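Please open the structure in your viewer and keep the sequence beside it, and then follow the stops of this tour in the order in which they come.

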Amino acid sequence: MNLRNQFKRSFSYTWYLYVLAIVVPCVAFPIAYSFMHRPQEYEKLSLFVSGPIKDDSLSLILENKFKDSGVKTVELISFDYQDNETMYLKKLNVVGINRCDVLIIPESYLYTINPEGCMIEFNDEIKELCAASEETYYQYENKDFAVELTSKSPLGSFVSLNDSMKYYAFLGGKSWNVGNYSSKRPNTENAFGLISYIVG
């Protein structure tokens with residue numbers, strides 16, 4: 001039996017191996033490449049905003065602002081509390097508190113969270129790092145936990161905020177971007193810069 005006939009006969013029984021030999025690398029390589037090159041947690045910044053985004057360019061502006069600090073992507077998570085209060089509270093607790101670096105929460109919903117344990121206290125060092133030592137703060141049990149946004153905040157240009165409501169910026173307790181205040185390594189201090197930008 002010549003080589004050609006031998007190959008035909010073998011192929012008729014094991015054709016699926018040839019197909020797999022072509023398909024597997026074509027599927028596995030892009031998955032492996034995207035996994036290896038996706039931004040690490042400390043290379044991301046995430047901002048939870050209580051209100052609808054009216055200008056999507058905010059994430060690009062923040063990416064450009066922080067790219068020299070190692071930020072590769074900025075994630076904006078927004079939900080309008082006036083739209084659906086139940087869904088807003090779920091998103092705030094499940095997504096905002098558990099995975100965001102900075103959270104913007106309206107005054108009327110501060111009662112829904114206990115910041116101790118899930119937010120970082122604004123002590124004197126953090127106030128200095130955030131360039132926010134002269135601002136007004138939200139206090140919980142005589143500790144400062146959030147800085148109030150004022151009319152000079154650039155956030156109002158990108159997010160629909162209720163003019164009759166006060167908003168506060170919190171530092172997420174599970175953030176990778178709060179330097180030595182993070183339990184995770186490696187980390188950055190980019191969340192402080194984000195607060196500084198938001199405060200204006």
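Two strands are said to pair if DSSP finds at least two bridges between them. With that in mind, and remembering that this is a predicted model, select strand β4 together with strand β5, residues 143–148, where four bridges join the two strands in an antiparallel run. Within this pair, Q139 has D144 of β5 as its bridge partner, and Y138 has A146 of β5 as its partner. Now move to the hairpin that β4 and β5 form, which has two residues between the strands, and pick out E141, which takes a positive phi near 50 degrees.

Stay with β5 for a moment. Is this strand mostly covered or mostly open? It is mostly covered, since five of the six residues of β5 are buried. Next, add strand β6, residues 167–171, which pairs with β5 in the antiparallel sense over three bridges; here the bridge partner of V147 is A169 in β6.

Now widen the selection to the whole sheet, which is open, has six strands with mixed pairing, and follows the order β2-β1-β3-β6-β5-β4. At its edges stand β2, residues 73–78, and β4, residues 137–140, and each has a single partner strand, so one side of each is left without a neighbour in the sheet. If you look from strand to strand, neighbouring strands of this sheet are turned against each other by 25 degrees on average, with direction ignored.

Two helices can now be added to the view. Helix α2 packs on the sheet and touches β1, residues 44–49, as well as β2, and the direction of α2 makes about 145 degrees with that of β2. Helix α3, residues 85–99, also packs on the sheet; α3 touches β1, β2 and β3, residues 102–106, and its direction makes about 155 degrees with that of β3.

Within the sheet, select S46, which is found in strand β1. Is S46 buried or exposed? S46 has a relative accessible area of 5%, and because buried means under 20%, S46 is buried. Leaving aside residues up to four places away in sequence, S46 touches E75, R99, C100, D101 and V102.

Return to helix α2 and select E63, which has its place there. Not counting residues up to four places away in sequence, E63 touches K72, T73 and V74. The C-alpha atoms of E63 and V74 are separated by 5.8 Å, while the two residues lie eleven residues apart along the chain.

For the last stop, show α2, residues 57–66, together with helix α5, residues 190–199: the two helices pack at an angle of about 125 degrees, and their axes are 11 Å apart. That angle makes α2 oblique to α5, and α2 passes α5 in a right-handed crossing. Which residues meet where these helices touch? From α2 come L58, I61, L62, K65 and F66, and they meet N190, G193, L194 and Y197 of α5. By character, the residues of this contact divide into six nonpolar, two polar and one charged.

Conventions
Residues numbered from 1 in each chain as written. Predicted model: local features only at pLDDT ≥ 70, side-chain atom pairs only at ≥ 80, totals over all residues. Heavy atoms only, no water. Axes fitted to C-alpha atoms, helices over the stretch in contact; angles between N-to-C directions. Parallel < 35°, antiparallel > 145°, perpendicular 65-115°, else oblique. Left-handed = near helix turned anticlockwise from the far one by under 90°. Contact = heavy atoms within 4.5 Å. Nonpolar A, V, L, I, M, F, W, Y, C, P; charged D, E, K, R; others polar. Buried < 20%, exposed > 50% of the residue type's maximum accessible area, 1.4 Å probe, protein only.
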